[in-house]
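Reader: I'm new to this one and would like a close look at a single part of it. Could you pick a small sheet and the aromatic rings that go with it, and walk me through them slowly?

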Amino acid sequence: IAADQVTFSQTVGVNAAGEAQQTLSTAEAWSMIHPDDFDRYQAHLERLRFGADREGAGGDRGTIQVRVRMLGSEDYFWAEEQVLVRRDALGKVVGMSGITLNINERILAEQERDRLFRELETERLQLEAILTELPVGVATAEAGSGRLLMTNRQAQAILGNVNLNSPDFEDYARYGGFHPDGSPFQVDDYPMARAVRYGKYERDAVFNYLRSDGEAIVLSTNTG
């Protein structure tokens, strides 16, 4: 649908305060769409015309989010337009009607949320890169469940490259901790398990450990 093939009727412009100002001509209505959204908006109407982009089986409704310019301003706000296609008995398009909702605050909040998520992910990756190269073994676990989130190379090397992908603290029972009498550790004997289950943090917790290659070593661990 070319711009000159769509006629807007009873289109009301809104100013920055959200107040209705005037009825717009077709040309004025088209000019309100942000240039970067114009082709996408036009393609959306075209797809609706041919039955695509519908909401619900057999429906002739569609929704699109675009930026719209406010009257008397060069500023744009995010809007959601809900369009209804009207057809005659033969299925031919005889018109389209729709309403436009101001969703600017919602979109800006979503964009800010996404920005914060990206920042957090960047920081997480940077921290992980630092921990990976530390000369001491490091493991991080999810509070409550005990699921191991990350172990660095040194932790793998110290423990003998055992599989450290534990889904919960109950899985810790398969590791090689053991008591002085040679009996294997139960789950709560591991400092990490006590930390994630009970919030009990320890410094210099020393215990014996049997590596996957059969070598017995002594570990000193800190949790927090």
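Author: Let's start with a word you'll need: two strands count as paired if DSSP finds at least two bridges between them. Strands (E, at least two residues) and helices (H or I, at least four) are DSSP runs, numbered from the N terminus. Keep in mind that this is a predicted model, where local features need pLDDT of at least 70, side-chain atom pairs count only at pLDDT 80 or more, and totals for chains, interfaces and linings use all residues. Residues are numbered from 1 along each chain as its sequence is written, and side-chain values use heavy atoms, with hydrogens and water left out.

Now the sheet. Look for three strands in the order E8-E9-E10, forming an open sheet with antiparallel pairing. E8 (177–178) and E10 are the edge strands, each having a single partner strand, so one side of each has no neighbour in the sheet.

Take the E8 side to begin with. E8 and E9 run antiparallel and are joined by two bridges. Find Phe 178 and you'll see Asn 208 of E9 standing opposite.

On the other side, E9 (residues 205–210) pairs with E10 (residues 216–221), again in the antiparallel sense, this time over six bridges. Ala 205, for instance, has Thr 221 in E10 as its bridge partner. These two strands make a hairpin with five residues between them, and in that hairpin Gly 214 has a positive phi, near 95°.

Next, what do these strands pack into? A nonpolar core is a set of buried Ala, Val, Leu, Ile, Met, Phe, Trp, Tyr and Cys residues joined through side-chain atoms within 4.5 Å. Buried means under 20% relative accessible area, exposed over 50%, and partly exposed in between (1.4 Å probe, protein chains only). The largest such core here has 16 residues, and Tyr 172, Tyr 175, Tyr 190 and Tyr 209 have the most contacts inside it. E9 and E10, along with helix H5 (191–198), are the elements that give this core two or more residues.

Zoom in on Tyr 172. Leaving aside residues up to four places away in sequence, Tyr 172 touches (heavy atoms within 4.5 Å) Ala 141, Gly 146, Leu 148, Ser 166, Tyr 190, Met 192, Ala 193 and Val 196.

That brings us to the rings. Rings of Phe, Tyr and Trp (its six-membered ring) pair if their centres lie within 6.5 Å; planes under 30 degrees apart are stacked, over 60 edge-to-face, and the rest tilted. There are seven aromatic pairs in the structure. In one tilted pair, Tyr 172 and Tyr 175 lie 6.2 Å centre to centre, with 35° between the planes. Tyr 172 and Tyr 175 are both buried.

Phe 185 and Phe 207 make another pair: their ring centres are 5.3 Å apart and their planes meet at 40°, so this pair is tilted. It ties together distant parts of the chain, as Phe 185 belongs to the loop between E8 and H5 while Phe 207 sits in E9, 22 residues apart. Phe 185 has 8% relative accessibility, so Phe 185 counts as buried. Phe 207 comes out at 11%, so Phe 207 counts as buried too.

Put the rings together and you get one aromatic cluster made of Tyr 172, Tyr 175, Phe 185, Tyr 190 and Phe 207. Phe 207 is your way back to the sheet, being part of strand E9.
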